[in-house]
Amino acid sequence: MSLLSAIRAELGMIRMTMSNAVRLHKTVGVRVGPSSGSGPGVMVGGGAPVVVQSMTMTDTADAKATAQQCIELAGAGSELVRVTVNTPEAAAAVPEIKRRMLDAGCTAPLIGDFHYNGHLLLTRYPEAARALDKYRINPGNVGTGKRRDEQFSMICAVAVENRKPVRIGVNGGSLNQELVMAKMQENTDRRLGMTSEEIINECMVLSALQSTDLALECGLRKDQIIISCKLSRPRDLIAVYRDLAKRTSQPLHLGLTEAGMGTKGVASSAVALGILLNEGIGDTIRVSLTPRPGGDRREEVYAACEILQALGLRSFSPSITACPGCGRTTSSTFQELAERVQGYVREMMPAWKTAHPGVETMTVAVMGCIVNGPGESKAANIGISLPGTGESPNCPVYIDGEHAMTLRGNYDELATAFQKLVDDYVERKYPARRS
Ligand code: SF4
């Protein structure tokens, strides 16, 4: 066997091992939604593709603004959308939020996030309980002592009555302190030698599993329960979810509880979620990014979609390949063009994904010079190679690996012409569905 063949064989084995590693944690499938007349619902777990979800940051009592943000998040790729239900006014607004979403053709299941008073709001606002497609319960925030189990059971009873699934969502920042104290004492008494991080991590898992048992005792079925155990540090999150995956077959919602802002938040989430997802752990994800003041909430959806797409688990949107730029190109044209194409694709995707099935697999390249430009452009479905410094001012365009034409002109002319070529490619390659 030649050296090249041996390397190819080895690479083939590695690829097989990687693909076999994906989706190893077998979980029960939980269908979220639909409430009446709101589409097919979304399957979480049970071998279904990993689902993206997000959460609004509007005041839920403002039904118009919240519905609008739900619609925008769903349009960006969020398959489940969660709103906080924290006050009587918020609970009262839920049916209108759902109605506005449906009126706009948005069938993404709507989830209510409850803390402290969920048992009261869900029983006093039965229309909200019916309109929501899933309830999130934080076992650390449903009360203390005996009232904790009673109030938790009240929420489960509403879920049973309305046939809704729940997420038992444990958070590091609001962990059941009675459980933590008991485990700390046990660690001291029995000289177990566990670190405080190990005790917290163990308590996270125990809280989720004990609450799952209680939910089952209350009459919920296994196919109505999703679990999460969110922490803010990636290494802790990875340890906790590996443990959870060994101890439960309930579907798992992955996410850091406070990923942080910008690059830090995206990098932390990509590391933590990427490692777990590549081990087959995780059925739905949320990337909890802190937006800049006035920032776009959809960034967290884009980040979640990119993580799944980078791992080869889902395709949400055409991928844009752009080189990082270097001293060979001092013009910013290729950066501006890459940004414009990325923005255009995101803007068009809500319409494209229904009208042009398969468009999410399209690849587009925008490259800065002759070194890698033609090669990457040929490898994409449609690519443009811009001239680097000192190169002749020609921009060859490649379509499905063939040189199709050469564009020339200033930035606006190039951008308009290339955008038109992308549009034409989408129309031709991913024909519209017949209605
Ligand atoms: S393609 Fe050209 S401009 Fe872009 S990073 Fe490579 S060498 Fe630099």
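Let us begin with a pair of neighbouring strands in this predicted model: strand S15 (residues 382-385) and strand S16 (residues 395-399) run antiparallel to each other and are joined over 3 bridges. To find the pairing by eye, look for Ile382, which stands opposite Ile399 in S16. In general, the strands of a sheet pair through backbone hydrogen bonds, either parallel or antiparallel.

Step back from this pair and a wider sheet comes into view. S15 and S16 belong to an open sheet of 5 strands, ordered S13-S14-S15-S16-S17, with mixed pairing. At its edges lie strand S13 (319-322) and strand S17 (402-407), each of which pairs on one side only. Going from one strand to the next, the twist averages 15°.

Now follow the chain out of S16. In the loop between S16 and S17 you will meet Asp400. This residue has a positive phi of about 50°, although it is not a glycine. That is worth a glance, because most residues other than glycine have a negative phi. Is Asp400 buried or exposed? With a relative accessible area of 40%, Asp400 counts as partly exposed, because that value falls between the 20% and 50% cut-offs.

A similar backbone feature turns up at Arg191, where phi is near 50°, again a positive value in a residue other than glycine. Arg191 sits in the loop between helix H7 (177-189) and H8. Its relative accessibility is 76%, so Arg191 counts as exposed. Another backbone feature is found in the loop between strand S1 (30-32) and strand S2 (42-44), which holds Pro34. Here a cis peptide bond joins Gly33 and Pro34, with omega at about -5°. For context, most peptide bonds are trans.

Next, turn to strand S8 (residues 225-230), which is mostly covered: 6 of its 6 residues are buried. In a regular strand the side chains alternate between the two faces of the sheet. In S8, Ile225, Ile227 and Cys229 point one way, while Ile226, Ser228 and Lys230 point the other way, and all are buried. Strand S7 (residues 166-171) runs parallel to S8 and is joined to it by 6 bridges. One of the partners to look for is Val166, whose bridge partner in S8 is Ile225.

Which residues touch the most other members of the largest nonpolar core? Among its 80 residues, they are Tyr135 and Tyr241. Helix H8 (residues 196-217) supplies the largest share of this core, with 9 residues. A second, separate core has 28 residues, including Met362, Cys395, Phe418 and Val422. Back at Tyr241, and leaving aside residues up to four places away in sequence, the contacts are Ser228, Cys229, Lys230, Leu252, His253, Leu254, Leu276 and Ile281.

Helix H8 is also the place of Glu198. This residue is partly exposed, with a relative accessible area of 42%. For a sense of scale, Glu198 and Thr389 are 191 residues apart in sequence, and their C-alpha atoms are 55 Å apart in space.

Finally, visit the ligand. Around the ligand you will find Cys323, Pro324, Gly325, Cys326, Arg328, Thr329, Met367, Gly368, Cys369, Val371 and Asn372. Sorted by class, this shell has 6 nonpolar, 4 polar and 1 charged residues.

Note on methods. Residues numbered from 1 in each chain as written. Predicted model: local features only at pLDDT ≥ 70, side-chain atom pairs only at ≥ 80, totals over all residues. Heavy atoms only, no water. Near = heavy atom within 4 Å. Nonpolar A, V, L, I, M, F, W, Y, C, P; charged D, E, K, R; others polar. Core = buried A, V, L, I, M, F, W, Y, C linked by side-chain atoms within 4.5 Å. Buried < 20%, exposed > 50% of the residue type's maximum accessible area, 1.4 Å probe, protein only. Helix = DSSP H or I, 4+ residues; strand = E, 2+ residues; numbered from the N terminus. Contact = heavy atoms within 4.5 Å. Pairing = 2+ DSSP bridges. Axes fitted to C-alpha atoms, helices over the stretch in contact; angles between N-to-C directions.
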